[in-house]
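Visitor: I am new to this structure and would like to learn how to read it. Could you walk me through it, one feature at a time?

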Amino acid sequence: TVLNLGSGGRFNDRANAVALDSAGRIYVVGNTENSTRGQGFVIRLTPTGQLDSTFALAGRFVLTDGSANPGAYRFNDVAIDSAGRLLVVGTVEKTTGTLNQGYAMRLLSNG
């Protein structure tokens, strides 16, 4: 399956990790770029490889820093715990001012 994240990216989208949940759904995490900043993404696919429209915005969750000091979000890894909860870890690469920051975030089952 080829997916377009609709980011207007100037570089290739990059998938960094994949996980399967107990229902056979496929989670892909990574990063993409648009003209001003990097974006982290989570895509959920059905067991047959189609975008899962019940997750986030038509199967896609994209995180962008909207502050005056934009950063490049990189989603580096994904895990699903025994309760089926989604955990994403990554890095915010700041362009000015502060140092890069690591983070972990839990997403709801619907994104």
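Guide: Let us begin with a salt bridge in this predicted model. The side chains of D52 and R44 meet in a salt bridge, at 2.8 Å from N to O.

Visitor: Are D52 and R44 buried or exposed?

Guide: The idea is to look at the relative accessible area, where buried means under 20%. D52 has a relative accessible area of 8%, so D52 is buried. R44 is at 2%, so R44 counts as buried too.

Visitor: How many salt bridges does a search of the whole structure find?

Guide: The search finds four salt bridges. Another one of them joins the side chains of R25 and D21, with 2.7 Å from N to O. Here the two partners fall into separate classes. D21 counts as buried because its relative accessibility is 11%, whereas R25, at 27%, counts as partly exposed.

Visitor: Which residues are linked in a network of salt bridges?

Guide: That network links D81, R85 and R106. Within it, D81 forms a salt bridge with R85, and their closest N and O atoms are 2.8 Å apart. D81 is partly exposed, with a relative accessible area of 26%. R85 counts as partly exposed as well, at 44% relative accessibility.

Visitor: Now I would like to see the overall layout. How many helices and strands are there in the protein?

Guide: The protein has seven strands and zero helices. Read from the N terminus on, the elements run β-β-β-β-β-β-β. Of the 111 residues, 40% count as buried. As for the outside, the protein exposes about 6300 Å², and carbon and sulfur atoms supply 51% of that area.

Visitor: What about contacts between residues that lie far apart in the sequence?

Guide: Take the contacts between residues at least 6 apart in sequence: 39% of them join residues at least 24 apart. For one example of distant residues meeting in space, look at Q39 and R74. They are 35 residues apart in sequence, yet their C-alpha atoms are 6.8 Å apart. Q39 sits in strand β3 and is buried, with a relative accessible area of 10%.

Visitor: How should I read a pair of aromatic rings?

Guide: Such a pair is described by the distance of the centres and the angle of the planes. The structure holds three aromatic pairs. In one of them, Y27 and F55 are edge-to-face, with 6.0 Å from centre to centre and 85 degrees between the planes.

Visitor: Where in the chain do Y27 and F55 lie?

Guide: Y27 is in strand β2, residues 26-33, while F55 is in the loop between β3 (38-45) and β4 (60-63). The pair links distant parts of the chain, as the two are 28 residues apart. Y27 is buried, with a relative accessible area of 4%, and F55 counts as buried at 0%.

Visitor: Why is the pair of Y73 and Y103 called edge-to-face?

Guide: Planes over 60 degrees apart count as edge-to-face. The planes of Y73 and Y103 are at 70 degrees, so the pair is edge-to-face, with ring centres 5.7 Å apart. This pair also links distant parts of the chain: Y73 belongs to strand β5 (residues 71-80) and Y103 to strand β7 (residues 101-107), 30 residues apart. Both Y73 and Y103 are buried. Ring pairs also bring in F75, so that Y73, F75 and Y103 form a cluster.

Visitor: And how do I find the nonpolar interior?

Guide: In soluble globular proteins, nonpolar side chains tend to be buried together. The largest nonpolar core here has 16 residues. Those with the most contacts inside this core are V42, F75, V78, L86, V88 and L107. Strands β1 (14-20), β2, β5, β6 (86-94) and β7 each supply at least two residues of the core.

Visitor: Which residues does V78 touch, not counting those up to four places away in sequence?

Guide: V78 touches A17, V18, A19, Y27, V29, L86, L87 and V88. You have already met Y27, the ring that pairs with F55. Apart from the largest core lies another core, of five residues, including I26, F41, I43 and L45.

Methods. Residues numbered from 1 in each chain as written. Predicted model: local features only at pLDDT ≥ 70, side-chain atom pairs only at ≥ 80, totals over all residues. Heavy atoms only, no water. Helix = DSSP H or I, 4+ residues; strand = E, 2+ residues; numbered from the N terminus. Buried < 20%, exposed > 50% of the residue type's maximum accessible area, 1.4 Å probe, protein only. Contact = heavy atoms within 4.5 Å. Areas by Shrake-Rupley, 256 points an atom, 1.4 Å probe, with all protein chains shown as cover. Phe/Tyr/Trp six-rings, centres within 6.5 Å; stacked < 30°, edge-to-face > 60°. Core = buried A, V, L, I, M, F, W, Y, C linked by side-chain atoms within 4.5 Å.
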